[in-house]
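Dear colleague,

I am passing on the structure we spoke about, together with some notes on what turned up in it. Please read them with the coordinates open beside you.

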Amino acid sequence: MYFEMGKRKETSTYSINEEIIHNDCDLIYALDKLGGRWKLYILSKLHNRKMRYKELKKEIHPISERMLTLQLKNLEEDGLVKRTVYAEVPPRVEYELTQMACSLVPLWDALKSWGGDHKKMFQDKI
């Protein structure tokens, strides 16, 4: 039996998990869209300003170019980042938060505060 590349069986664990993520639990869905090391960090850098790719790369220097490109693409596909291409030579591209992403600001502020408290609590034990 041969399968086409890119097709998954509907009964595979991956397919079942995707169904749960997208239909059954809003919290898991949100974590799927915002999870990972870089997404919230990228979004926070774009808060209240438009940035070009090189500016983002400079501010998030440990991220690889490939990872930044992938994360920006995912954020754009998920409606959290708006990418504007200007018809200039050389081409200019700017990234900014969408209204949906701006609604996350209180959430990431709370997470930042929690992270600082949690980190401090465990650093004091060392």
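Please keep in mind throughout that this is a predicted model. I begin with the contacts between charged side chains and then turn to the strands, the rings and the surface.

A search of the whole structure finds six salt bridges, and three of them are described here in turn. In one of them, Asp78 pairs with Lys33, and the closest N and O atoms are 3.3 Å apart. Asp78 sits in the loop between helix H5 (65-77) and strand S2 (81-86), while Lys33 belongs to helix H2 (residues 26-34), so this pair ties together parts of the chain that are 45 residues apart in sequence. The two partners are not covered alike, for Asp78 is partly exposed, with a relative accessible area of 30%, whereas Lys33, with a value of 18%, is buried because the limit for that class is under 20%.

A salt bridge also forms between Arg49 and Glu59, whose closest N and O atoms are 3.0 Å apart. Here Arg49 comes from the loop between helix H3 (39-45) and strand S1 (51-52) and Glu59 from helix H4 (residues 53-59), so the parts tied together are ten residues apart in sequence. Arg49 is partly exposed at 37% relative accessibility, and Glu59 is likewise counted as partly exposed, at 30%.

The third of these contacts is the salt bridge of Lys50 with Glu96, in which the closest N and O atoms are 3.9 Å apart. This pair links distant parts of the chain, since Lys50 is in the loop between H3 and S1 and Glu96 is in strand S3 (residues 92-97), 46 residues apart. Lys50 is partly exposed, with a relative accessible area of 43%, whereas Glu96 is buried, with a relative accessible area of 19%. Salt bridges that share partners also join Lys45, Arg49 and Glu59 into one network.

Glu96 leads on to the strands, because strand S3 holds this residue. S2 and S3 run antiparallel and are joined by six bridges, and a hairpin connects S2 to S3 through five residues. Within this pairing, Lys82 stands opposite Glu96 in S3.

Next, the rings. One aromatic pair is found when the whole structure is searched. The rings of Trp38 and Tyr41 have their centres 6.4 Å apart and their planes at 45 degrees, so the pair is tilted. Which of the two partners is buried, and which is partly exposed? Trp38 is buried, with a relative accessible area of 15%, whereas Tyr41 counts as partly exposed at 36% relative accessibility. A further ring, that of Tyr86, has Arg92 lying over its face, at 3.8 Å from the ring centre.

Finally, the surface. Ile16, Ile20 and Ile28 form a nonpolar patch there, with about 220 Å² of accessible area together. Of these residues, Ile16 has its place in helix H1 (residues 13-24) and is partly exposed, with a relative accessible area of 43%.

When you go through the model, you might start with the salt bridge of Lys50 and Glu96, and then follow Glu96 to Lys82, which stands opposite Glu96.

With best wishes

Definitions and conventions. Residues are numbered from 1 along each chain as its sequence is written. This is a predicted model: local features need pLDDT of at least 70, side-chain atom pairs count only at pLDDT 80 or more; totals for chains, interfaces and linings use all residues. Side-chain values use heavy atoms; hydrogens and water are left out. Rings of Phe, Tyr and Trp (its six-membered ring) pair if their centres lie within 6.5 Å; planes under 30 degrees apart count as stacked, over 60 as edge-to-face and the rest as tilted. Buried means under 20% relative accessible area, exposed over 50%, partly exposed in between (1.4 Å probe, protein chains only). A charge sits over a ring if NZ of Lys or CZ of Arg is within 6 Å of the ring centre and within 35 degrees of the ring normal. Patches are made of residues with over 30% relative accessible area and no salt bridge: like charges are joined within 9 Å, nonpolar side chains (Val, Leu, Ile, Met, Phe, Trp, Tyr) within 5 Å. Accessible areas come from the Shrake-Rupley method with a 1.4 Å probe; for residues, only the protein chains shown count as cover. A salt bridge is a side-chain nitrogen of Lys or Arg within 4 Å of a carboxyl oxygen of Asp or Glu. Helices (H or I, at least four residues) and strands (E, at least two) are DSSP runs, numbered from the N terminus. Two strands pair if DSSP finds at least two bridges between them.
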